[in-house]
Amino acid sequence: MKALVLAGGAGTRLRPITYTSAKQLVPVANKPILFYGLEQLRDAGIVDVGIIVGDTAPEIEAAVGDGSRFGIRPTYIPQPQPLGLAHALLTAADYLGDDDLVMFLGDNLIEGGIGPVVEAFERDRPAAHLLLKRVPDPERFGVAVTGPDGRIERLLEKPADPPSDLALVGVYLFTSVILDAARRIAPSQRGELEITDAIQRLIDDGEAVRASQVEGWWLDTGKKDELLDANRIVLGTLERRVEGELDAESRITGDVVVERGARLVRSTVRGPAIIGAGTQLEDVFVGPFTSIGDDCLLQRTEIEHSVVMAGCSLTDAGRLESSLLGRDVTIGRTTRRPAAHRLTLGDHSHLELPGG
């Protein structure tokens, strides 16, 4: 069995972060989202991994490299334009050949991994086996209608009036018949080749299409609030580990990770939280559900329920909550007059200033 990991796409819902970074490399608990999926594939025994890449290919390839750190053998497959999941599948047809495959969206997180569903698929070998999750907003996703025997009867892509609350999670297991089905569909109204249409073709052909429901958490990290929620949940799975330095006036409580080379001076960190390697905190309060990346400097600042990526500098930044800061962001204060906010913001930025 091979894997096909989708790591292309523009990540428009996470702009402006994704103007300069691949959405699959945005960190959750200081680890790129993509890495969680690669590790889950390896843990399920799948080492041959095709990675669909787009405009951010150099960054993805630099991060994953030869795959040895994950125990996989990656093959990078360019997709000239993001024209749908079924289009990505067909783009990888030569790589996939006649092998069974797992198609895995590179910006999804699933509790517990995919080992059991891979075992079930290899045992029963239906044409397709999908993961589903009950969600409160199924109109945002591909939606499945299942029969009493657990087989999928119908699929719809982001329906305005969903017939069920079972969303497609973004992990699909197929035999090679999916390639023929994908070749026999037409672009949707969005101008894309939808994987839901290809799977519906299998259903219409009388092929067995089965499903399992995800009982634990499934995290779609496509938007800022979803990313912060994923960070909160994953941080809650970490165990306390302190390898950095704390002075006599610093305190940590709860499950906090302080990486080697980090230094806390007159600072407090309440877990769950993680402080990256080489980061320095001086007179700082870090509240729960916060990830501070590597090589950051925080001084006289309070921050909670936030993700701060590598290389940031926050000095006298006041109190920050529910914030997502990209790499090398600088926040500071000036004593120059007249007093005013001086901002440099990219397209689609969001800024909230306290009232008063």
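This report describes strands, helices, ring contacts and nonpolar cores in one structure. The model is predicted.

**Strands S1, S4 and S5**

Strand S4 covers residues 48-53, and 5 of its 6 residues are buried, so the rest of the structure largely encloses it. Strand S1 (residues 2-7) pairs with S4 in the parallel sense, over 5 bridges. Within this pairing, alanine 3 has valine 49 of S4 as its bridge partner. S4 is also joined to S5 by 6 bridges, and these two strands run parallel. Here the bridge partner of valine 53 is proline 78, in S5.

**Helix H1 and its surroundings**

Helix H1 spans residues 33-43 and is mostly covered, with 9 of its 11 residues buried. The buried residues of H1 include Ile33, Leu34, Phe35 and Tyr36. After H1 comes glycine 45, which has a positive phi, near 90°.

Two residues of H1 take part in ring contacts. Tyrosine 36 has the charged end of lysine 31 over its ring, 4.3 Å from the ring centre. Phenylalanine 35 belongs to an aromatic pair, described next.

**Aromatic pairs**

The structure has 3 aromatic pairs. Phenylalanine 35 and phenylalanine 70 make one that is edge-to-face, with 4.7 Å centre to centre and 65° between the planes. This pair links distant parts of the chain, 35 residues apart: phenylalanine 35 lies in helix H1, and phenylalanine 70 in the loop between helix H2 (57-64) and strand S5 (73-78). How is phenylalanine 70 classed, buried or exposed? Its relative accessibility is 2%, so phenylalanine 70 counts as buried. Phenylalanine 35 has a relative accessible area of 6% and is therefore buried.

Tyrosine 172 and phenylalanine 174 form a stacked pair, because their planes are at 10° and their ring centres 6.0 Å apart. Both tyrosine 172 and phenylalanine 174 are buried.

The two pairs are set out below.

| Pair | Arrangement | Centre to centre | Angle between planes |
|---|---|---|---|
| Phenylalanine 35 and phenylalanine 70 | edge-to-face | 4.7 Å | 65° |
| Tyrosine 172 and phenylalanine 174 | stacked | 6.0 Å | 10° |

Elsewhere, the charged end of lysine 2 sits over the ring of tyrosine 95, at 4.5 Å from the ring centre.

**Nonpolar cores**

In soluble globular proteins, nonpolar side chains tend to be buried together. The largest nonpolar core has 37 residues, and those touching the most other members are Leu4, Leu89, Leu130, Phe174 and Ile178. Helix H7 (residues 195-204) supplies the largest share of this core, 5 residues. Which residues does leucine 130 touch, leaving aside those up to four places away in sequence? Among them are Ile152, Leu155, Leu168, Tyr172, Phe174 and Ile199. The contacts of leucine 130 also include Arg210 and Ser212. Another core, of 35 residues, lies apart from the largest one, and Ile72, Leu131, Val169 and Trp218 are among its members.

**The six-stranded sheet**

An open sheet is formed by 6 strands in the order S14-S17-S20-S23-S25-S27, with parallel pairing. Strand S14 (241-242) and strand S27 (324-325) are the edge strands, each pairing on one side only. S14 is joined to strand S17 (residues 256-258) by 2 bridges, and the two run parallel. One of the partnerships between them puts valine 242 with valine 258, in S17.

Helix H8 (residues 224-235) lies across four named strands of this sheet: S20 (273-275), S23 (290-292), S25 (307-308) and S27. H8 runs at about 90° to S23.

Notes
Residues are numbered from 1 along each chain as its sequence is written. This is a predicted model: local features need pLDDT of at least 70, side-chain atom pairs count only at pLDDT 80 or more; totals for chains, interfaces and linings use all residues. Side-chain values use heavy atoms; hydrogens and water are left out. Buried means under 20% relative accessible area, exposed over 50%, partly exposed in between (1.4 Å probe, protein chains only). Two strands pair if DSSP finds at least two bridges between them. Contact means heavy atoms within 4.5 Å. Axes are lines fitted to C-alpha atoms, for helices over the stretch in contact, and angles run from 0 to 180 degrees between N-to-C directions. Rings of Phe, Tyr and Trp (its six-membered ring) pair if their centres lie within 6.5 Å; planes under 30 degrees apart count as stacked, over 60 as edge-to-face and the rest as tilted. A charge sits over a ring if NZ of Lys or CZ of Arg is within 6 Å of the ring centre and within 35 degrees of the ring normal. A nonpolar core is a set of buried Ala, Val, Leu, Ile, Met, Phe, Trp, Tyr and Cys residues joined through side-chain atoms within 4.5 Å.
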